[in-house]
Amino acid sequence: MQATAYTYDPETRSGSVLLDDGTPVEFGAEAFDAGGLLLLRPGQRVRIETEGDGAGLRITLVTLQTF
């Protein structure tokens, strides 16, 4: 699934993304670390992997979108 980076805190390595429908979804340090990233800037296009759905949607991986 693709999304757009919305917020990122380098101290906690957590933040949020906006899904293509505009829904914000938060991610924790575990998801950020799983993607192997060093930094994330708001507006960057990212690929995410998730578990669950609806209110239980949880991001398990955040990485840069590659073509």
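Helices (H or I, at least four residues) and strands (E, at least two) are DSSP runs, numbered from the N terminus. Hello everyone, and let's use that to walk through this chain together.

A word on the ground rules. This is a predicted model, in which local features need pLDDT of at least 70 and side-chain atom pairs count only at pLDDT 80 or more, while totals for chains, interfaces and linings use all residues. Residues are numbered from 1 along each chain as its sequence is written, and side-chain values use heavy atoms, with hydrogens and water left out.

Let's begin with the whole chain. How many helices and strands does the chain have? There is one helix, and there are five strands. Reading from the N terminus, the order is β-β-β-α-β-β.

Now for the overall dimensions. The C-alpha atoms fill a box of roughly 30 × 25 × 20 Å along the principal axes. The radius of gyration, taken over C-alpha atoms, is 11 Å, which agrees with the value near 11 Å for a compact globule of 67 residues. The globule rule there is 2.2 Å times the number of residues to the power 0.38.

Next, burial. Buried means under 20% relative accessible area, exposed means over 50%, and partly exposed is in between (1.4 Å probe, protein chains only). Of the 67 residues in the chain, 33% are buried.

Contacts come next, and contact means heavy atoms within 4.5 Å. Among the contacts with a separation of 6 or more, 42% are between residues 24 or more positions apart.

Let's visit some residues, starting in strand S2, which covers residues 14–19. Is Ser-16, in that strand, buried or exposed? Ser-16 is buried, because its relative accessible area is 7%. Its side chain makes a polar contact of 2.7 Å with the side chain of Thr-7. A polar contact is a pair of N or O atoms within 3.5 Å; within protein, one must be able to donate a hydrogen and the other to accept it, and residues adjacent in sequence count only if both atoms are side-chain atoms. Leaving out residues up to four places away in sequence, Ser-16 also touches others, including Val-25, Glu-26 and Phe-27.

Leu-19 is in strand S2 too. With 14% relative accessibility, Leu-19 counts as buried. Which residues does Leu-19 touch, not counting those up to four places away in sequence? They are Met-1, Ala-3, Val-25, Ile-48 and Leu-57. As for Ile-59, it sits 40 residues from Leu-19 in sequence, and their C-alpha atoms are 11 Å apart.

Just before that strand, have a look at the loop between strand S1 (2–9) and S2, where you will find Arg-13. Arg-13 is not a glycine, yet it has a positive phi of about 55 degrees. Its relative accessibility is 32%, so Arg-13 counts as partly exposed.

On to helix H1, residues 29–34, where Ala-34 is found. Ala-34 is partly exposed, at a relative accessible area of 47%. Setting aside neighbours within four places in sequence, Ala-34 is in contact with Thr-60 and Leu-61.

Our last stop is Thr-63, in strand S5 (residues 58–64). Thr-63 counts as buried, with 15% relative accessibility. Where does its side chain reach? The side chain of Thr-63 comes to 3.4 Å from the backbone oxygen of Gly-35. Beyond neighbours within four places in sequence, Thr-63 is in contact with Gly-35, Leu-37, Val-46 and Arg-47.

Thank you for listening!
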